[in-house]
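Open the model in your viewer and keep the sequence panel in sight. The stops below run from the whole chain to single residues.

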Amino acid sequence: RRQAALATASHPAVTTDGVRIEVFVNLGSATDARRAVEEGAEGCGLLRTEFLFLDRATPPDEEEQRAAYQAIADALDGRPLIVRTLDIGADKPAPYLPQAAEENPALGLRGIRLQLARRDLLDTQLRALLRVKAPLKLMLPMVADRAELAETRRALAKHAADLGMAAPQLGIMVETPAAALTAASLAAEADFFSIGSNDLAQYTLARDRTNPAVAAGLDGLHPAVLRLIDETVRGGNAHKRWTGVCGELAADPQAAPLLIGLGVTELSVPGAAVAETKALVRTLNLAQCQALAARALIAADAHAVRALVSEQGQ
Ligand code: PEP
Ligand code: MG
């Protein structure tokens, strides 16, 4: 299947009724960017910048960061690059970030919370990103409050003005139930949404994704998660903002018809899944996906949702 998909990898992903879905790649380093493009990635929908920050004694300075981001942008050769600002803290500690022990690290000082508590880290990263020459967009991890986005946007505008540059688009990852439920309000301030289904499922189902005793039951196709995705897309659409998915769900063949049926227009997947995701999209029909999604939203649990999708032959 992968071989067949690779044959058409450079073609766009369009449903049988003509709806274009962007298929992007998730990157965690510079090395896989070029390969992903060869396999059909239309851009990077999630650059996890933590790779630059972990396993070292001091944080990377502005110039080191700029050069690393520029190298990835160059490998993408003019394609869009969506960079997630630093998502460390809690279970991904860095030695130069003295953190108090936390009883519940997943609910602790991480993502945008840590960056706003350590403005030096945020400011350096924003300046490095502003200096990258590429079609760049930024997105913030773990947002739960509109104020977090507003404060970051002010910082971005200030650095852009200092550097004499235009600020890039600023979106958010939707990975807390709070962000999904207040999407209509956040969309007034966010340029786009990208659903982090790994964390969104973890927080919605109250199952620690790092705990093997409970993680196996963590399925993003649970109707509770699907309803939050539905709410996010609706909130975004009210302000003409697009919604993508960059968590694992985006590469799950049973999830794709539901996500597209709910109105998601961008799927960002690991490099190895790009070509097959594009091939799958070309077999789908939006009207059928919408009908399927409507039934999934009122299903009892993730098993029932998967059974519904299987009945449709996916
Ligand atoms: C997610 O939570 O779905 C996501 C894409 O971010 P990460 O897996 O890096 O937490
Ligand atoms: Mg996440």
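The tour starts with the whole protein, then visits the ligand, one helix and one loop residue.

**Whole chain**

This is a predicted model, so begin by colouring it by confidence. The average pLDDT of the protein is 95, and 99% of the residues score at least 70. The scores for the model are ipTM 0.99 and pTM 0.97.

Switch to a cartoon view: the protein has 15 helices and nine strands. Its radius of gyration is 19 Å, close to the 20 Å from the globule rule for 314 residues, so the protein is as compact as a globular protein of that length. The C-alpha trace spans about 55 × 45 × 35 Å along its principal axes. Buried residues make up 46% of the 314. Of the contacts between residues at least 6 apart in sequence, 69% join residues at least 24 apart.

**Ligand 1**

Select ligand 1 and display the residues around it: Leu 46, Arg 48, Asp 87, Glu 175, Gly 196, Ser 197, Asn 198, Asp 199, Cys 246 and Gly 247. Two elements, strand E3 (44-48) and helix H9 (197-205), each give two or more residues to this shell. Which element gives the most to the shell? H9 does, with three residues. Colour the shell by class to see two nonpolar, four polar and four charged residues.

**Helix H13**

Next select residues 274-281, which form helix H13. Eight of its eight residues are buried, so the helix is largely enclosed by the rest of the structure. Charged side chains are on the list too: Glu 276 and Lys 278 are buried, as are Val 274, Ala 275, Thr 277, Ala 279, Leu 280 and Val 281.

What do the buried residues of H13 pack against? Show helices H1 (2-7), H2 (33-38) and H12 (256-261), together with strands E1 (13-14), E2 (20-27) and E9 (266-269); the buried residues of H13 pack against these elements.

**Gly 40**

Finish at Gly 40, in the loop between H2 and E3. Is Gly 40 buried or exposed? It has 23 C-beta neighbours inside 10 Å, and 20 are enough for a residue to count as buried, so Gly 40 is buried.

Leaving aside residues up to four places away in sequence, Gly 40 touches Ala 9, Ser 10, Val 23, Val 274, Ala 275 and Lys 278. Among these contacts, Val 274, Ala 275 and Lys 278 are also buried residues of H13. For a last distance, pick the C-alpha atoms of Gly 40 and Leu 258: they are separated by 22 Å, with the two positions 218 residues apart along the chain.

Key: Residues are numbered from 1 along each chain as its sequence is written. Chains are lettered from A and ligands numbered from 1 in the order in which they are written. This is a predicted model: local features need pLDDT of at least 70, side-chain atom pairs count only at pLDDT 80 or more; totals for chains, interfaces and linings use all residues. A residue is near a molecule or strand if its C-beta atom, placed from the backbone, lies within 6 Å of it. Helices (H or I, at least four residues) and strands (E, at least two) are DSSP runs, numbered from the N terminus. pLDDT is the predictor's confidence in each residue, from 0 to 100. The radius of gyration is taken over C-alpha atoms; the globule rule is 2.2 Å times the number of residues to the power 0.38. A residue is buried if 20 or more other C-beta atoms lie within 10 Å of its own, exposed if 12 or fewer, and partly exposed in between; C-beta atoms are placed from the backbone. Two residues are in contact if their C-beta atoms, placed from the backbone, lie within 7 Å.
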